[in-house]
Each structure stands twice: as structure tokens, then as C-alpha cells.
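Welcome to a short guided tour of a protein model. Have a look at the sequence and the 3D view, and then read on for the features worth finding in them.

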Amino acid sequence: MFGGGGGLDPRKMEQMMNQMGIDMDELDAEEVIIRTDEHELVFSSPDVTKMDAQGQETYQIIGTPEERARGAGDDETSDATGGSVDQGDVELVASRTGASEEAARDALEANDGDLAAAVAQLE
């Protein structure tokens, strides 16, 4: 069907994908982190391709990950009691309530990281 010579011509492949409604973009990613219950896989300077096929987005990550213990990343900060609050959660609560990040962090810590309870406390 495709003939010999090691595969399809990249231009033909691109044309076929466009006809099927598939759009591919290379992302300029600095780092990709995949978190599981037990550990994190950290890809530094990976090649990331985003494929959009009829509204369904798929990401392909090419690189060699470094495995590290869960929570050893930069996104979490420890409070005085030894607990931790995710920076993303702090930003979410702050943007949802209009409170400062410090107030959002305090509310999250007071509610053991419960987003809904922290938002309710600040509203």
C-alpha cells in the first residue's frame, strides 16, 4: 500500500492527518511531571507533542525520566506543623475567593487541604 523506501513521505503524512482532522503541535516544554501515589516521574527538557484529533487531546512525551519520592518537588511547601499545601491549591483558592495567597494557604492548612472547606471559610 505505501511502497518501500522506509515509510511515508512526511508531507504526505501531514496531508493525510489534516484530511482526517488531526492537528499536531510541538510544545516547548521545560519539564513534565507525572505524579502517582508512590512517586513522581520528572522529565527534564522533554520532546512533547500535542495531538488534537476531533477535540480529543493526546500528549506524547519523549525523554528519560528521573524518579523521585512523591512530594519531593518544588510545588509543595511545608507549614510549621509539618503538613504540606500544594501551591496549585493555594492559587485556586485565592483566585476563587479573591483572597491573598497567604490567606488561602492559611485556610487550606486550617482545613487539612480541603479545597471546598477553605473556599467556604474565605467566602
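## Charged pairs

A salt bridge joins the side chains of Glu-40 and Arg-68, with 2.8 Å from N to O. This pair connects distant parts of the chain, since Glu-40 sits in strand S3 (residues 39–44) and Arg-68 in strand S6 (residues 66–69), 28 residues apart. Glu-40 is buried, because its relative accessible area is 1%, and the cut-off for buried is under 20%. Please keep in mind that the model you are looking at is predicted.

Why can such pairs form at all? Side chains of opposite charge can pair when their charged atoms come close.

How many salt bridges are there by this rule? The count comes to five. The table lists three of them, including the pair you have just met.

| Salt bridge | N to O distance |
|---|---|
| Glu-40 and Arg-68 | 2.8 Å |
| Glu-57 and Lys-50 | 3.4 Å |
| Arg-11 and Asp-9 | 3.5 Å |

Let us take the other two pairs in turn. In the salt bridge between Arg-11 and Asp-9, Arg-11 counts as exposed because its relative accessibility is 62%. Its partner Asp-9 has 30% relative accessibility and therefore counts as partly exposed.

The salt bridge between Glu-57 and Lys-50 has two partly exposed ends: Glu-57 has a relative accessibility of 42%, and Lys-50 has one of 21%. Salt bridges with shared partners also make one network out of Arg-35, Glu-40 and Arg-68, so Glu-40 and Arg-68 belong to that network as well as to their own pair.

## The overall layout

Now step back and look at the whole chain. The protein has four helices and eight strands. Reading from the N terminus, the elements follow the order α-β-β-β-β-β-β-β-β-α-α-α. The protein has 123 residues, and 20% of them count as buried.

## Strands side by side

Strand S4 is a good place to see how strands pair. S1 and S4 run antiparallel and are joined by six bridges. One contact to look for is that of Asp-23, whose bridge partner in S4 is Asp-52.

S4 also pairs with S5: these two strands run antiparallel too, with seven bridges between them. Here Thr-49 stands opposite Gln-60 in S5. Together S4 and S5 form a hairpin, and two residues lie between the strands.

While you follow these strands, one general point may help. In a regular strand the side chains alternate between the two faces of the sheet.

## Two residues with a positive phi

Most residues other than glycine have a negative phi. With that in mind, which residue in the turn of the S4 and S5 hairpin has a positive phi? It is Gln-54, with a phi of about 55 degrees, although Gln-54 is not a glycine. Gln-54 lies in the loop between strand S4 (47–53) and strand S5 (56–62). Is Gln-54 buried or exposed? Its relative accessibility is 72%, so Gln-54 counts as exposed.

Asp-112 is another residue of this kind: its phi is positive, near 50 degrees, and Asp-112 is not a glycine. You can find Asp-112 in the loop between helix H3 (101–110) and helix H4 (115–122). With a relative accessible area of 76%, Asp-112 is exposed.

## A negative patch on the surface

Which residues gather in a patch of negative charge on the surface? They are Asp-23, Asp-25, Glu-26 and Asp-47. Strand S1 (residues 22–27) gives the largest share of this negative patch, three residues. Glu-26 has its place in strand S1, and Glu-26 counts as exposed because its relative accessibility is 60%. Asp-23, which you met above as the bridge partner of Asp-52 in S4, is one of the residues in this patch.

## A last pair to find

To finish, look for Asp-86 in strand S8 (residues 84–86). Asp-86 is partly exposed, because its relative accessible area is 24%. How far apart in space are Asp-86 and Gly-113? From C-alpha to C-alpha they are 8.2 Å apart, while in sequence 27 residues separate them.

Methods. Residues numbered from 1 in each chain as written. Predicted model: local features only at pLDDT ≥ 70, side-chain atom pairs only at ≥ 80, totals over all residues. Heavy atoms only, no water. Patch = residues over 30% accessible without salt bridge, like charges linked within 9 Å, V, L, I, M, F, W, Y side chains within 5 Å. Areas by Shrake-Rupley, 256 points an atom, 1.4 Å probe, with all protein chains shown as cover. Salt bridge = Lys/Arg side-chain N within 4 Å of Asp/Glu carboxyl O. Lys, Arg positive; Asp, Glu negative; His and termini not counted. Charge placed at Lys NZ, Arg CZ, Asp CG, Glu CD. Buried < 20%, exposed > 50% of the residue type's maximum accessible area, 1.4 Å probe, protein only. Pairing = 2+ DSSP bridges.
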